[in-house]
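Colleague: I am new to this structure and would like a guided look at it. Could you bring it up and take me through it?

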Amino acid sequence: MPDVAIIGAGFYGFKPSVPELSFRELVFEAARRAYAEAGIDPRKDIAGFISCQEDFWEGIAIADEFAPEPLGGVLRPTFTVAGDLLQGIAQAYMMIKTGLFDIVAVESHSKQSDIKTLQEIYELALDPLYLRKLRPPNPLFMAGIDAQAYMMEAGASEEDLALVSVKNRNNGIDNPRASYSSTITLDDVISSGYYMKPIKNLEAAGFTDGAVVFVLASSEVARKFTDDPVWVKGIGWSTETGTGGWNHHVWGRMISAREAAKQAFKMSGLNLTDMDSIEIEDRFTYLEPLFLDEIGLSTIGYSVELLRTGDLDKNAHMPVNMSGGSQSIGVLLEATGGARLLEAYLQLKGKAGYRHHEVENALVASWRGPPTYTTSVLILSR
Amino acid sequence: MTKKYPGTYLKRDEMYSLPGLVRYKPTAKYSFSAGIAQTKFLEGLKKGKIIGVKCPSCGRVYVPPRAFCEYCHVPMNEYVELPGTGEIHTAVISYISTFRQRMDKPEIVGVVKLDAPGYTKESYEFAGLFHRFCGITEEDVISGKAIGMRVKPRWKPENERTGSVTDIECFEPVES
C-alpha cells in the first residue's frame, strides 16, 4: 500500500469576519492556493474531493451540493464528511491507501460570521427529548462541568488553566493567522470574569472565518510533484457515547483522545517524545492539559505540572500550540482541526511565518463538542 | 374532512399529547454574505440590469455571475451586461404550495434561456435564470406553445427595487 503525503496546503481568511466574500469564494481562494503550491490542475489531476461541513453551520440543507464547485470537483467524485477536517484527512488517507485514488483534496471552512444565532445552533446539538426540554441557559454549560471535573481529577487550579490562555495568546503574536493573540498576563485572564465557572472570558476562544484546503497524494505521485512532502505517518480517531442525560459520560476525561492517539502512534511507530511540535485544540483552556494527559497516555494531571514549569512553552523541547492555538487563532467550526493541521504543516515546511525551532515530527489533535467527543489525532513527519 | 380514510382519527390535541412528542422551534438565523460576484448581480438588478460573467478560459457565461468557473477552476472578472431578453426553455404550472395547500391561482415558473454573447439558439448549454412567468396562460404551457416563446423581464418600479431577484417581478412575453 502506498504511503500518504500532503503535497499542498492553501488557506484564506483567518479573520473574525470576512464579509467581502461568500463562503464559496472563500473556499475557492484557499483551493487555488493549495493547488498552486502542489502544482496541480484540479480538473485533471485530482481523483476525489472531500468537504468537511455541517448543514447547520452553512444555513443550507443538503449543503454538499455546494461542495464541488469551489474545489474544482464538479462532475468528479466528491463527498462531504459531517465532522472536523481531520476526519476528512482520515478518509482521504484511506482512499489513497486503497490504490484507487492517487490525489485527493480535503476542504473545510468557517463562515461563522454569517450565523446570527450561533448559541441557538449549538442548542440544536442537545438531545431533543431530554436536554432541550430542560433549556440550559447556555448549551456550552457542559464545558464548564467538564473543566470542573478535570480540575478535581488533575489537582489543577483556576490559575493553572489561565496559564494556557497566557501561553497560547502570547504565542500567537507573530502568527499572521492569529487574530485573537495578545500580550496578556495571568492577571488579565484571572480578572476577565467568568465565561462559565471555572472558565474565564479570556479562556474561551473567539470565532474565526476562514477556509483551508489540503492536497494529499500517494508516495509515488507525491515525489513527482514535490521534493519536500509532509508525510502522514499515523492517524486515529474515536467517538465517545453520550445521549440523553449523559449518564455514561466520564467527565473530566477524554477517552476518545486516548484511543485515537493509541491508534495514530501505533501506525506511525513514533511516540510522544519524538514530537517537536504539538498542535492540540484548546478552545477552552482545560482542553489543552486534558488532551495532553490523554494523548501522552500518562496520568491525569501530569500536563498541569508541565504547564507550571514552562515545559510546554514555545522555546521548550516539546512546545504545545506554538502557533497560538485556538486561543489565538479562534474556532473555525469544522475547519478548526484544519487550521491546526495548517500550522503543523507550515512548521514542518519551515514556512509558518513565525520563529520556531526545526520541526521533524508533529502531532495534531482536534475534537468536536463536549462531552460526546469525537477526537482525531494525526502524526506528521518531514 | 372531505373524504373518509381507513384508520383511527386523532384530533389535533390528542396528537400533540402523545408522550415523547416534543415541539421544538429552532432559532437559526443567518445573514449570507453575497460575495464579490453575486453583489455585482444584485447591484445590477437594482439598476434594472442583468449582469453575467464570462470565463476567460472556456467562454461560458454565468448568470448570476460567480467569482470562478466551475469547469475551469479559474477566477472570472469579465462582467457582461445581458439584454435581459431570451426564450422560455422550460415552464411548469404549480398548483400546490410548499405547504401542500392548493393555490387559489396556479403559478407558472420555469427557466429562461437568456440572450448571451457566445451562445446561439442551438447551443446545448446556455446562460439562464429560473423565475416566474406572467402574461402566459396555463393553456400556453399545457399545449407546449410557451416553450421557445420570447420573453423579457418585467421590472419593479425603480424606487421599489432592493437589489434582489424579486426586483424582477416575472418574465413576460416580448410584445410583437
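Modeller: Please note that this is a predicted model. A good place to begin is the second largest pocket, which has a volume of about 750 Å³.

Colleague: Which residues lie nearest the centre of that second largest pocket?

Modeller: Arg24(A), Glu69(A), Tyr62(B), Pro64(B) and Arg66(B) lie nearest its centre, out of 30 residues that line the pocket.

Colleague: And which elements supply at least two residues each to that lining?

Modeller: They are helix 1 of chain A, helix 2 of chain B and strand 2 of chain B. Helix 1 of chain A gives the largest share, with 3 residues.

Colleague: How does the lining of this pocket divide by class?

Modeller: It has 18 nonpolar, 4 polar and 8 charged residues.

Colleague: Turning to enclosed space, how many cavities of 30 Å³ or more does the structure hold?

Modeller: It holds 2 of them. The largest cavity contains about 80 Å³ of space, and the second largest contains about 40 Å³.

Colleague: What lines the largest cavity?

Modeller: From chain A, the lining residues are Phe23(A), Trp57(A), Glu58(A), His109(A), Ser110(A), Lys111(A), Asp114(A) and Leu333(A), and Phe32(B) comes from chain B. Helix 3 (55-58) and strand 4 (103-110) of chain A are the elements that give two or more residues to this lining. By class, the lining comprises 4 nonpolar, 2 polar and 3 charged residues.

Colleague: And which residues line the second largest cavity?

Modeller: Phe23(A), Val27(A), Ser51(A), Gln53(A), Phe66(A), Ala67(A), Pro70(A), Leu71(A), Glu107(A) and His109(A) line it. At least two residues each come from helix 1 (23-38), helix 4 (68-71) and strand 4 of chain A. This lining has 6 nonpolar, 3 polar and 1 charged residues. Phe23(A) and His109(A) appear in the linings of both cavities.

Colleague: Let us move to the sheets. What is the strand order of the 9-strand sheet in chain A?

Modeller: The order is 3-2-4-7-1-8-11-10-9, in an open sheet with mixed pairing. Strand 3 (78-81) and strand 9 (277-280) of chain A are its edge strands, each pairing on one side only. On average, neighbouring strands of this sheet are turned by 20° against each other, direction ignored.

Colleague: How many bridges join strand 10 and strand 11 of chain A?

Modeller: There are 8 bridges between strand 10 (residues 361-368) and strand 11 (residues 374-381) of chain A, and the two strands pair in the antiparallel sense. In that pairing, Trp367(A) stands opposite Thr375(A) of strand 11. Helix 12 (residues 255-268) of chain A packs on the sheet, where it touches strand 8 (230-239), strand 10 and strand 11. The direction of helix 12 makes about 150° with that of strand 8 of chain A.

Colleague: What about helix against helix: at what angle do helix 5 and helix 16 of chain A pack?

Modeller: Helix 5 (residues 85-97) and helix 16 (residues 336-349) of chain A pack at about 70°, with their axes 6 Å apart. The two helices are therefore roughly perpendicular to each other.

Colleague: Which residues meet there?

Modeller: Leu85(A), Leu86(A) and Ile89(A) of helix 5 meet Gly337(A), Gly338(A) and Leu341(A) of helix 16. By class, this contact has 4 nonpolar, 2 polar and no charged residues.

Colleague: Now chain B. In what order do the strands of its 3-strand open sheet lie?

Modeller: They lie in the order 2-1-3, with antiparallel pairing. Strand 2 (61-62) and strand 3 (78-82) of chain B are the edge strands. Strand 1 (residues 50-54) pairs with strand 3 of chain B over 5 bridges, and Lys54(B) stands opposite Glu78(B) in strand 3. Helix 2 (residues 35-46) of chain B packs on this sheet, touching strand 1 and strand 3.

Colleague: Which strand of chain B pairs with strand 4 over 9 bridges?

Modeller: That is strand 5 (residues 102-114), which pairs with strand 4 (residues 86-96) of chain B in the antiparallel sense. Glu87(B) stands opposite Lys113(B) in strand 5. The hairpin of these two strands has 5 residues between the strands, and Arg100(B) takes a positive phi near 60° there. Strand 4 of chain B is also joined by 2 bridges to strand 7 (residues 150-155) of chain B, running antiparallel. Here Gly86(B) has Val151(B) in strand 7 as its bridge partner.

Conventions:
Residues numbered from 1 in each chain as written. Chains lettered and ligands numbered in written order. Predicted model: local features only at pLDDT ≥ 70, side-chain atom pairs only at ≥ 80, totals over all residues. Heavy atoms only, no water. Pairing = 2+ DSSP bridges. Helix = DSSP H or I, 4+ residues; strand = E, 2+ residues; numbered from the N terminus. Contact = heavy atoms within 4.5 Å. Axes fitted to C-alpha atoms, helices over the stretch in contact; angles between N-to-C directions. 1 Å grid on protein atoms, 1.4 Å probe; cavity = no way out; pocket = protein on both sides within 12 Å on 5 of 7 lines; lining within 4 Å. Points joined across faces, edges and corners; volume = space filled by probe spheres on them. Nonpolar A, V, L, I, M, F, W, Y, C, P; charged D, E, K, R; others polar. Parallel < 35°, antiparallel > 145°, perpendicular 65-115°, else oblique.
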